[in-house]
Amino acid sequence: MLKSQNFKLYLLAMFGLLVLLPAILGANVSANSASVSASATVMNIKVGIYENNPKIFTDDKGNPAGFWPDIINYIASQESWKIEYVHGSWAESLTRLENGEIDVMPDVAITESRKTLYAFSNETVYTSWTQVYTRSGANIQSIIDLEGKKVAVLKGSVNVEGSDGIKALVKAFSVNCTFVEVDSYNQVFEMVKNGAAEAGVTSKDFGYRYKNEYNLVETPIIFQPARVNFALPKTASLTPYLIEKIDFQVKKLKESGDSIYYNSLSKWLAQGPTPKPAIPRWVTWTLIGVGSLAITFGIFGLALRLRVSSKTKELTQEIKERKQAEEAIRQSEAKYSTLVEQSNDGIIIIQNSRLVFINQKMIELTAYSLKETIGKPFIDFLTPRYKQVVAQRNQSRMQGEAAPERYEAEIAAGNGNVVAIEINASLINYEGQPATMAVIRDTTKQKEIWAALHDRESRLSLIYNNVSDVIFVVTAEPAESFRFESVNRRFLEATGLSENQIVGKLVKDVIPEASQSLVFGKYREAMETGKSVQWEEVTEYPTGTKYGEVMVAPIEDAKGNCTQLIGTLHDITERKLAEKELAKYQEHLEGLVKQRTLELENANLHKSQFLANMSHELRTPLNSIIGYTKLMLDGMEGSITTEQKEDLQTVYDNSKHLISLINDLLDLSKIEAGKFEIIKEQFAASELISKIVHGLEKLAKDKGLEISYAVDAEAEILYADKSKTKQILFNLLGNAIKFTQTGSVRLDISKNGGEFIFKVSDTGVGIAPQDIETLFKSYKQVGPARLDGSEGTGLGLVISKQFVELQGGRIWVESTLGKGSRFIFALPEK
Amino acid sequence: MGNEGAGKKILVVDDKEENRRLLRKILVLRAYIIIEAVTGERAIELAQTERPDLILMDIRLRDGIDGIEATRRLKKLPSVANIPVVAITASVSPEDMQRALDTGCSGFIRKPIDIDEFPKQVAQYIS
């Protein structure tokens, strides 16, 4: 039974801790930057007042008194407000507040439903809770002890009907009790005093003030913690201003241990000066964890307690559960300790300027050992530049001045590195003494990235504003319009407009109307396709036409949406004008060329016509000369003397030579005019050769020369232009006979390496090496060596070379002066 | 000299007497009967009245129609259309040659004529 009693106490202690949590939280969460402003004028503020001694009430002299008036009067003095108190009941006051008839109502517990009706100041002023009271000697130690009891309560109070009021509380613990509802806390105490009820529920503040008057005692049952703040009309224009000022002042009051806040708390509400302006979050969460676990097991324990009251033999089980609960707490502590040690941020606690705690990460950051850091002044580990800054801040904070909780510094690490850090400091109570806890984050990387970004940004900006092209950024807006987001310097120079005439303006209000449909079409194309789009723009200016090459590309944001375009405009006016000039000039040239070609074609036609006519005119008389000479030579005109015959033969030979000259000239002019067509065909070599040789036999025989030929079996079927090949061979063999006085002329045809090889050999005068080069060139007759009574135009070889080359072949000569020559030509077999 | 021309009649059309005489001398030796015309128009008349076995037509004629036109007209007359016409000209232009063949000439002999070859060339056109 004794053990059971101890356990109950333990549970209630845990419960009490839970009740305290929101107060701690409230104080911490609401840390806000305070804005200092000096009010020059005196403002009239209406404050609701009701009777709730000692929190707020009217004293014997009719003046507002209690905790809240103390705070209100202090804030009013600081802000130069004139306070007008408006008296009324609690319900009246709340109605006035709702209607905006008063500006501020103090002592309003924050609940979800009230939040919908009123605005609240953020800085928790006070935490209220509810307590159960009983007559001295009555044994009520926990909720369970209310089983079967009569309990007096304030009718309609939040602590009765609220979601965590007494009714909900007993239900949660399955306790059955009877509630007697009365109209005031005084009546509640009255009922308990005279025995109409065993217990009574009032606010702890009321109970503190009146319990002795009614000869009652408090029970350990404390519940419904509530943050009590100033409430303000939700829609009043003054409300945001008042909230800001109230928050600022309350925060300041709470930060200073000997402020009127703590004095008043102590004076009226028996709450000692235990300021908790800043409990680090990890401590808070540790406490929440512990508290939650405790309450979990507490509830479990309470259920057990119910069973213990009927079955004490299950005590051993209870002990086991307790041990589990203790183990859970131990594990939880270990868990948070691990979290602190393994945190990616440095965590330190400084007390009296010296490091009293340092976690593993911070040891790494400083590059010193635990031994080298613990007990040393924190600022020793900072770079000289920051030593002073941080020392000053710490001093300010310790003196209660508002100092930023977050600031930058640098660690001079043991390994010589400088580590950029961000310090997040807060005041805590460490082992009973005020201390500073700081969370320290390594920002070296962050700084490097920032510096790199900055560097990049400034380079880009430099480029942006110094390129010779226009650059602009436009933002797409609904209704398919575009707005200039930014433009570079060149843009302004080119348009002659100032930045505020462009940036922020709709594109359609800036660019000429004529080009808008083209431009916006291209913009949309880029937006829709997600690709860059290029086009050329022509703009008419009074000074002339400007040509621009424009490119726009969509800019994607981090989500991949495209709402902006970046565009460039390159002035290509000069290039365009040059192109136009060039085109004009080219057109002119083409005209000239056309005209000249026409002239040349005409001239060529005339030349061909002339040559054809000349040929005809030359042949006509030669027809008679050759014909009649031949008639006489052949004796058809009667017998002639030998001498006459010789003379006629000379006429005949020269006439024949003349005709061959005319033929060569005609061929040459045809070659030059490109009039020859090559028609390749298959034909028998020997058939062709026999004809040629037969035609030349007489000539050779007349000179006493032997003419012969040989065709390899491989070369029997030739593939070439028959008439041209015939003419080449006729020329070469004719020449050979012509330039050979004694010996022989021979033709060999063979096949070698995909070519037909034609060799015409003679035993004639030969050709001097210096003449070989010019042998195949037009109009060049070879020199003295060939003038030994021989005659030739030199055109035959030129024509032969042309005919060989027209067939894709080649021709050359091998010769030894005085011993003979060998003309060779090769024609491809295909 | 053969007499392959016996009984065969050749109409020589040429505006120059010296040319007509040369052909006449060569061909008469081979027993051909030679009739002559100086203009194209006359040649058409003679072709119809004489009905030669072959017409040797000079292309360029000084007066009246040229040899091409004369041939074209001859080929339009059913009574003489089947008489072979051989163009004989000092022109070597392929265009002239093509024009002659297109008009209906059976062959083409170039001036200056080769006296040894000429009778053989003529003989092959007379069936």
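Me: Hello! Which residues does Asn229(A) touch, not counting residues up to four places away in sequence?
Reply: Happy to help, and please keep in mind that this is a predicted model. Asn229(A) sits in strand E11 of chain A, which spans residues 216–233. Leaving out residues up to four places away in sequence, Asn229(A) touches Trp68(A), Met105(A), Pro106(A), Asp107(A), Val108(A), Ile110(A), Phe120(A), Ser121(A), Asn122(A), Glu123(A), Thr124(A) and Val125(A).

Me: Why does Asn229(A) count as buried?
Reply: Buried means under 20% relative accessible area. Asn229(A) counts as buried because its relative accessibility is 0%.

Me: Which backbone nitrogen does the side chain of Asn229(A) reach, and at what distance?
Reply: Two backbone atoms come up here, so let us take the oxygen before the nitrogen. The side chain of Asn229(A) reaches the backbone oxygen of Glu123(A) at 3.5 Å. The backbone nitrogen it reaches belongs to Val125(A), at 3.0 Å.

Me: Moving to the whole of chain A, how many helices and strands does chain A have?
Reply: Chain A holds 830 residues, and 41% of them count as buried. Its accessible surface comes to about 44400 Å², with 53% belonging to carbon and sulfur atoms. As for secondary structure, chain A has 25 helices and 28 strands.

Me: In what order do the elements of chain B run from the N terminus?
Reply: Chain B contains 5 helices and 5 strands. Read from the N terminus, the order is β-α-β-α-β-α-β-α-β-α.

Me: What percentage of the 127 residues of chain B count as buried?
Reply: Chain B exposes about 5700 Å², and carbon and sulfur atoms supply 48% of that area. Among contacts in chain B between residues at least 6 apart in sequence, 64% join residues at least 24 apart. Of the 127 residues, the buried share is 51%.

Me: Is Tyr32(B) buried or exposed?
Reply: Tyr32(B) lies in the loop between H1 and strand E2 (33–37) of chain B. Setting aside neighbours within four places in sequence, Tyr32(B) is in contact with Glu4(B), Gly5(B), Lys8(B), Ile10(B), Leu27(B), Val122(B), Ala123(B) and Ile126(B). Its relative accessible area is 6%, and with the cut-off at under 20%, Tyr32(B) is therefore buried.

Me: How far apart in space are Tyr32(B) and Glu4(B), C-alpha to C-alpha?
Reply: Glu4(B) is one of the residues in contact with Tyr32(B). In sequence the two are 28 residues apart, while in space their C-alpha atoms are separated by 7.7 Å.

Me: Now for the interface: what area do chain B and chain A bury between them?
Reply: The contact takes 21 residues from chain B and 21 residues from chain A. Carbon and sulfur atoms account for 59% of the buried area, which comes to about 1900 Å².

Me: Which residue of chain B forms a salt bridge with Glu637(A)?
Reply: Across this interface there are 9 residue pairs in polar contact. The salt bridges across it number 2. In one of them the closest N and O atoms are 2.6 Å apart, and the partner of Glu637(A) is Lys25(B).

Me: Which element gives the largest share of the side of chain B that touches chain A?
Reply: Helix H1 (17–28) and helix H4 (94–103) of chain B each supply at least two residues of that side. By class, the side has 10 nonpolar, 3 polar and 8 charged residues. The largest share, 6 residues, comes from H1(B).

Note on methods:
Residues numbered from 1 in each chain as written. Chains lettered and ligands numbered in written order. Predicted model: local features only at pLDDT ≥ 70, side-chain atom pairs only at ≥ 80, totals over all residues. Heavy atoms only, no water. Contact = heavy atoms within 4.5 Å. Buried area = accessible area lost by both parts, 1.4 Å probe. Salt bridge = Lys/Arg side-chain N within 4 Å of Asp/Glu carboxyl O. Polar contact = N/O pair within 3.5 Å; in protein donor to acceptor, adjacent residues only side chain to side chain. Helix = DSSP H or I, 4+ residues; strand = E, 2+ residues; numbered from the N terminus. Nonpolar A, V, L, I, M, F, W, Y, C, P; charged D, E, K, R; others polar. Buried < 20%, exposed > 50% of the residue type's maximum accessible area, 1.4 Å probe, protein only. Areas by Shrake-Rupley, 256 points an atom, 1.4 Å probe, with all protein chains shown as cover.
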